[in-house]
Amino acid sequence: MGKVLMKGNEAIGSAAIRAGCRYFFGYPITPQNEVPEYMSRHLPEVGGVFVQAESEIAAINMVYGAAGAGGRVMTSSSSPGIALKQEGISYLAGARLPCVIVNVMRGGPGLGGIQPAQSDYFQATRGGGNGDYRIIVEAPSTLQEAVDLMQESFDLADRYRIPVMLLCDGMIGQMMEPVELREADRRPPVEKPWATVGTGGKRKPNIITSLYLNPAELEELNLLLAAQYREITERETRVESIGLEGARVVVAAYGTTARIVREAVDLCTAKGIPVGLIRPITLWPYPYAEFDKIGKDCLGVLCVEMSMGQMLDDVKIAANGRWPVHFYGRTGGVVPDPRDIAREIEVIAGRRPV
Amino acid sequence: MKVIYDKSPGLTDSALHYCPGCTHGIIHKLIAEALVDLDVLGSAIGVAPVGCSVFAYQYFNCDMQEAAHGRAPAVATGIKRVHPEAAVFTYQGDGDLAAIGTAEVVHAAVRGEKITTIFVNNAIYGMTGGQMAPTTLVGQKATTAPFGRTEALHGKPLRVSELLATVDGAKFVERVSLHDPAHVRRAGRAIREAFECQIRGEGFSFVEVLSTCPTNWGLTPAEALHWLEENMIPYYSLGKFRTPEGGSKND
Amino acid sequence: MTEKVIIAGFGGQGVMLSGMLLAQAGLLRKREVTWLPSYGPEMRGGTANCHVTVSSRPIASPVILAPDCAIVMNLPSFDKYERQVVPGGLFLVNSSLVTKRSGRKDFRVVPVPVNELAQELGNAKTANMVMLGAYAGVSGALDRELFIKALEVIGGKKDHLLIDANVRAFDCGMEYVTGGYCGEIGA
């Protein structure tokens, strides 16, 4: 298939349907409205179901019901709406249900604004809901990557029976870029013998629950989840990195910010400063090990985000005291200027006074 | 020896955990019998609430999901949309359905979701230990209304059946009581009719069951049944509030 | 080779569509493209803008801070983008609504009375296409045939009347800036 010019939110919707998503439950919120709009128009064409819920809370619980019933299901929202969904995400994790959640982030806290932001990193990777759980978090930096990750998200969700979040910022949702969409997924649906589909009188009832009042049983669930999280960490960590070997400065950034950082890197390269880039594609599991590839000439690591420093915590864990870790962030919907980032890099590289 | 009465195959062999005199067991039995009578046990998928009946999924002999507090109608919506042929029901108490989950049940009704909701109204939060419910009667004491519910401070209790009867998508709405055997039989018929309404694809169906909580009411089981009859029924009148043929309130 | 264009105006002036056509035309000649809109309340009657980058290599940031060209359809956009255009760049101004002159001498200002020109063509709504034609004429960065193909991709091929009206407007804008314009409206 050739490349088509698509808006991010619509490309995400189209990719989801191609990935076999047949159930969508959502609630309007800017800047992700084109996702439910797209799904309401196109899901019926493939025999799927779109329901506009009465709230984000209801939507995520519809996702819970549909996932528990064996459906390939997703929801999408933006920051404050994702905050409302946290209850359901915790239950989905506890009941080990596969689903995909798209967060097209906007600035916060509270009602915040509607311009792009990356201030839900903690919410996504540290678990906004209660309990000892993780979800897989993927952060595309181009529309093509968003489309490709959509298929992977559904597959990972089914493989590990885990919620997967596609964490985008408002720019990914709103911008247009050429994308090459995949052929529709024609593989047979994944077997889900645990799903509630009716016993047919032929087997014992299946039960979907996250309730374990016996501490020993609940600990057993948590140990099972922890083992699974280790497996996911080993097998599903994704990262892109450039020029780490000879870098004087290494920048860590994800999503759209990583694209802006590339411009800053170009500006510095033109001035003869070798700059490396680590771009996590999965935010959980986080690619800590990638930082081990940083060469001996590195003077410091710079974390750049559209927040006041959230991924920064993971960068510090990854650096583990080996290099000073610096931070540059813009927030509230303000997009960083590559010239400002380049200036920070020059300071770290000792080319410019502090 | 001839068996003249047996446990419904719609229930599992798990022993119920409910307090002596609690009416949850009766309601479980009535639902199980309806599913078996209508021959839908094998296609049934139930949704258990948060509250005393949180373990309902251990008792019904069909596939079950456990919902977050109040969200059962949303969970049931998700299930029913994936399996339109299944007999999907929610089992919810008054704190779950009439407080934290009010939006979910109202909008499931608005959409005319083809599910059946069994609403157990015992005018109190049972599992958490007797706190005031949205259905607690004026004058009734609760651990969070130690001097009794007052209209000035708390407002009057919510009549959910009457509320849902105003929603066009709700095709069957009836309030029943369990205070004597005749009314238990009437309740069984209502639950069966509600499932029939779902199976015929007519829309949302709802049965409110007036129930007792001897433990938290501080009464014996027999006293509790009398208390229900004398105090709850005058405020929560029994009858059909809506039927597929057209709304009518009579019994 | 990278061309960065910002198109800005009131909501309803069609600046988003103009940008999409520019991006689509870029894609048709196998360039990398990005189109980044402003969104939210400003789309609904306030000031709207979009950033369009067309490049022969992968595009890093879709955000344009120093455009090679700014197309401004109203006064607030003139004031916002006048200083951002790179030296030697291009500044296309809707002179039907903006009478202000730029103080900068280091870039090329092209005033085009797009509202009057569109009205003269009988379709006031095509002012944005007149401007796009002017941009094509001045910059040489947008081919007429590709513009028509882009219109067909985005608007659908069926609506011939609409396509014809838009192409006429595009031609009018192009002729106005390249000296082929024979009408009565002066700069």
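Two strands count as paired if DSSP finds at least two bridges between them. Keep that cut-off in mind, because I will lean on it throughout.

Morning, everyone. What you see above is a predicted model. I'll start with chain B.

Take strand 4 of chain B, residues 116-121, and strand 6 of chain B, residues 204-210. They run parallel, and six bridges join them. One position to find on screen is Phe119(B), which sits opposite Glu208(B) of strand 6.

Now the helices on that sheet. Helix 1 of chain B, residues 24-37, packs on it. Helix 1 touches strand 1 (44-48), strand 3 (87-93), strand 4 and strand 6 of chain B. The angle between the directions of helix 1 and strand 4 is about 165 degrees. Then helix 8 of chain B, residues 181-199. Helix 8 lies across strands 3, 4, 5 and 6 of chain B, with strand 5 covering 170-177. Helix 8 runs at about 165 degrees to strand 5.

Zoom out to the whole sheet. How many strands does this open sheet have? Eight, with mixed pairing. Read the order with me: 9(A)-2(B)-1(B)-3(B)-4(B)-6(B)-5(B)-7(B). Note the chain letter on that opening entry: strand 9 belongs to chain A. Which strands stand at the edges? Strand 9 of chain A and strand 7 of chain B, residues 239-242. Each has a single partner strand, so one side of each is left without a neighbour in the sheet.

Look at the junction between the chains. Strand 9 of chain A pairs with strand 2 of chain B, residues 63-66. The pairing is parallel, over two bridges. Ile208(A) has Gln65(B) as its bridge partner.

The contact goes beyond those strands. Chain A puts 35 residues in contact with 29 residues of chain B. On the chain A side, five elements each supply at least two residues: strand 2 (23-26), strand 3 (49-52), helix 3 (56-68), helix 4 (79-94) and strand 9 (207-208). Helix 3 gives the largest share, nine residues. By class, this side of chain A has 18 nonpolar, 15 polar and two charged residues.

A word on annotation. An unreviewed UniProt entry places "domain: Thiamine pyrophosphate enzyme TPP-binding" at residues 56-209 of chain B. In the model, the end C-alpha atoms of that span lie 16 Å apart. The span is 38% helix and 20% strand.

On to chain A, and strand 12, residues 275-280. Buried or exposed? Six of its six residues are buried, so strand 12 is largely enclosed by the rest of the structure. Both faces are covered. One side carries Val275(A), Leu277(A) and Arg279(A); the other carries Gly276(A), Ile278(A) and Pro280(A).

Strand 12 has partners. Strand 10 of chain A, residues 239-242, joins it antiparallel through four bridges. There, Ile242(A) stands opposite Leu277(A). Strand 11 of chain A, residues 249-252, joins strand 12 in parallel, also through four bridges. Ala252(A) faces Ile278(A) in that pair. From strand 11 the chain passes through helix 9, residues 255-270, to strand 12, and this β-α-β crossover is right-handed.

Helix 9 comes back at the last contact, chain A with chain C. That contact takes 18 residues from chain A and 16 from chain C. Helix 7 (170-174), strand 8 (176-179) and helix 9 of chain A give two or more residues each. Helix 9 supplies the largest share, four residues. By class, the chain A side here has ten nonpolar, two polar and six charged residues.

That's my tour. Thanks.

Definitions and conventions: Residues numbered from 1 in each chain as written. Chains lettered and ligands numbered in written order. Predicted model: local features only at pLDDT ≥ 70, side-chain atom pairs only at ≥ 80, totals over all residues. UniProt positions renumbered as here; feature names shortened; annotations may be inferred. Contact = placed C-beta atoms within 7 Å. Nonpolar A, V, L, I, M, F, W, Y, C, P; charged D, E, K, R; others polar. Axes fitted to C-alpha atoms, helices over the stretch in contact; angles between N-to-C directions. Buried ≥ 20, exposed ≤ 12 C-beta atoms within 10 Å, placed from the backbone. Right-handed = clockwise from strand over helix to strand, strands pointing away.
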